[in-house]
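This report examines a protein model with its metal sites and side-chain pairs. Please consult the sequence and the coordinates alongside the text.

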Amino acid sequence: MQGRCECGQIQFRVDGDIEDYSHCHCSQCRRLHGAAFASFAGVQRDNVTWLCAQDEPRLYTSSPGHERWFCGHCGSSLAVTISNEPAALYLALGAIEGNPELPAGYHIFVGSKAEWYPITDGLPQFFEEPD
Ligand SMILES: [Zn+2]
Ligand SMILES: [Zn+2]
C-alpha cells in the first residue's frame, strides 16, 4: 500500500494492514482537512516508510499530545499521531492510493460535527471517542 501528498514531495509505503478506520468530525480535523470530516486509516507506526526530505513531513501540534503531519510544500494533511498511542499512526485515508482493504468504519466526535453535513450511513457514531 502506498500514498503521497498532492505535490508528490512526500511519498509513503505501508507494509501490513489497516487496523482501524474512522471518520473524525472534530473541528480541528474539519479545518485541517478543509472538509466535513477527516477519514483515517490506523496502522502500526513501524510499518510506515516515509520517502521524502529529512525535514518532512512537518509537524503541527493541534492539541497537547496530538501531532498533525503535513507536507511543508503543498500543505496536504498526511497523518496524526497521539502521544498515548505511540505504536499507532493514523494516516489521512485520502492520501492513500487505490482502494485499500478496510475494517468496519465508525464516526467519532459527532458531537462537534458540521451542522450542514448529515451522516446518512449506518456506521456507529461516538459523541467523542469510542470507549
Ligand atoms: Zn506535498
Ligand atoms: Zn479530529
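The zinc sites are described first, then the cysteines, the salt bridges and one strand residue.

The model is predicted: local features need pLDDT of at least 70, side-chain atom pairs count only at pLDDT 80 or more, and totals for chains, interfaces and linings use all residues. Residues are numbered from 1 along each chain as its sequence is written, chains are lettered from A and ligands numbered from 1 in the order in which they are written, and side-chain values use heavy atoms, with hydrogens and water left out.

**Zinc sites**

The zinc ion (ligand 1) has as its protein donors Cys5 (SG), Cys7 (SG), Cys71 (SG) and Cys74 (SG), which lie 2.3 to 2.4 Å from the ion. Donors here are N, O and S atoms within 2.8 Å of the metal (3.2 Å for Na, K and Ca); water is not among the atoms, so sites may look incomplete. The angles among the four donor atoms of ligand 1 run from 103 to 113°, and the site is tetrahedral. For four donors, that term requires all angles to lie between 85 and 135 degrees. Ideal angles at a metal are 109.5 degrees for four tetrahedral donors.

Along the sequence, the donor residues of ligand 1 follow the spacing C-x1-C-x63-C-x2-C. Cys7 belongs to the loop between E1 and strand E2 (11-14), and Cys74 to the loop between strand E7 (66-70) and strand E8 (77-82), so this pair ties together parts that are 67 residues apart in sequence. Strands (E, at least two residues) and helices (H or I, at least four) are DSSP runs, numbered from the N terminus.

At the zinc ion (ligand 2), the protein donors are Cys24 (SG), Cys26 (SG) and Cys29 (SG), at 2.2 to 2.3 Å. Their sequence spacing is C-x1-C-x2-C.

**Cysteine exposure and disulfides**

Cys24 and Cys26 are both buried, Cys24 having a relative accessible area of 5%. Buried means under 20% relative accessible area, exposed over 50%, and partly exposed in between (1.4 Å probe, protein chains only). Among the donors of ligand 1, Cys7 is partly exposed at 32%, and Cys74 is partly exposed at 30%. The structure contains zero disulfides, a disulfide being a pair of cysteine sulfur atoms within 2.5 Å.

**Salt bridges**

Three salt bridges are found in the whole structure. The term denotes a side-chain nitrogen of Lys or Arg within 4 Å of a carboxyl oxygen of Asp or Glu. The table lists the pairs.

| Pair | Closest N to O |
|---|---|
| Arg4 and Glu97 | 3.5 Å |
| Arg13 and Asp15 | 3.3 Å |
| Arg58 and Glu56 | 3.7 Å |

Arg4 lies in strand E1 (residues 2-4), whereas Glu97 lies in the loop between strand E9 (88-92) and strand E10 (106-108), so their salt bridge ties together parts that are 93 residues apart in sequence. Arg4 is partly exposed at 35%, and Glu97 is partly exposed at 39%. Arg13 is likewise partly exposed, at 37% relative accessibility, as is Asp15 at 38%. In the remaining pair, Arg58 is partly exposed at 36%, whereas Glu56 is buried at 13%.

**Ser62**

Ser62 is placed in strand E6 (residues 58-63) and is buried, with a relative accessibility of 12%. Apart from its neighbours within four places in sequence, Ser62 is in contact with Gln28, Leu32 and Arg68, contact meaning heavy atoms within 4.5 Å.

Methods:
Tetrahedral: all angles 85-135°; square planar, octahedral: opposite > 155°, others 65-115°.
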